[in-house]
Amino acid sequence: MKHILKILALLVAISACWIGLLQVSVIPESYTWLLPLYFIVSLGCYGILMVGVGLMQFPTCPQEALLLHQDILEAKDFLKNKGVDVGSN
């Protein structure tokens with residue numbers, strides 16, 4: 001719930017700034033109408049950047065890989081005891 005409120009507060013603040021820029025005419029009107037488009041494009045670039053950073057810092061978990069391998073072996077043994085052919089590996 002707090003996350004939704006933060007997003008709504010951010011959207012209200014951005015809308016207020018945009019409307020303020022439209023009213024004050026500090027920036028020419030032709031540029032001011034493009035601000036939402038610039039915001040959406042920059043938000044998309046930020047999202048792509050965060051996905052790229054997350055992929056570059058993706059952690060490896062060797063302990064978890066060993067536990068998973070042990071679980072697979074246990075499952076194969078269980079299935080072999082039940083008469084299911086699980087392959088030679």
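**Exercise 1. State in which helix His 69 lies, and classify its exposure.**

Solution. Step 1: His 69 has its place in helix α4, where helices are DSSP runs of H or I with at least four residues and strands are runs of E with at least two, numbered from the N terminus. The model is a predicted one, in which local features need pLDDT of at least 70, side-chain atom pairs count only at pLDDT 80 or more, and totals for chains, interfaces and linings use all residues. Residues are numbered from 1 along each chain as its sequence is written, and side-chain values use heavy atoms, with hydrogens and water left out.

Step 2: buried means under 20% relative accessible area, exposed over 50%, and partly exposed in between, with a 1.4 Å probe and protein chains only. The relative accessibility of His 69 is 45%, so this residue counts as partly exposed.

Step 3: the C-alpha atom of His 69 is separated by 64 Å from that of Gln 23, which stands 46 residues away along the chain.

**Exercise 2. Compare the span of helix α4, and that of helix α1, with the expected value.**

Solution. Step 1: the expected span of a helix is 1.5 Å times one less than its number of residues.

Step 2: helix α4 (residues 62-81) has 20 residues and should therefore span 28 Å; its end C-alpha atoms are 29 Å apart, which agrees. Just after α4, Gly 83 takes a positive phi of about 90°.

Step 3: α1, with 23 residues, reaches 33 Å from its first C-alpha to its last, close to the expected 33 Å. Ser 25 follows α1 and has a positive phi, near 60°.

**Exercise 3. Determine whether the protein chain is a compact globule or more spread out.**

Solution. Step 1: the chain has four helices and zero strands, in the order α-α-α-α.

Step 2: the radius of gyration is taken over C-alpha atoms, and the globule rule is 2.2 Å times the number of residues to the power 0.38. For 89 residues the rule gives 12 Å, whereas the radius of gyration is 27 Å, well over that value, so the chain is more spread out than a compact globule.

Step 3: along its principal axes, the C-alpha trace spans about 80 × 30 × 25 Å. Buried residues make up 1% of the 89 residues.

**Exercise 4. Describe the lining of the largest pocket.**

Solution. Step 1: on a 1 Å grid over the protein atoms alone, a pocket is an open set of points where a 1.4 Å probe fits, with protein on both sides within 12 Å along at least five of seven lines; lining residues have an atom within 4 Å of a point.

Step 2: the lining includes Leu 11, Trp 18, Leu 35 and Phe 39. The elements giving two or more residues to this lining are α1 (2-24) and α3 (35-56), and α1 gives the most, with six residues.

Step 3: Ala, Val, Leu, Ile, Met, Phe, Trp, Tyr, Cys and Pro count as nonpolar, Asp, Glu, Lys and Arg as charged, and the others, Gly among them, as polar. The lining residues divide into nine nonpolar, one polar and no charged.

Step 4: Leu 35 lies in helix α3. At 27% relative accessibility, Leu 35 counts as partly exposed.
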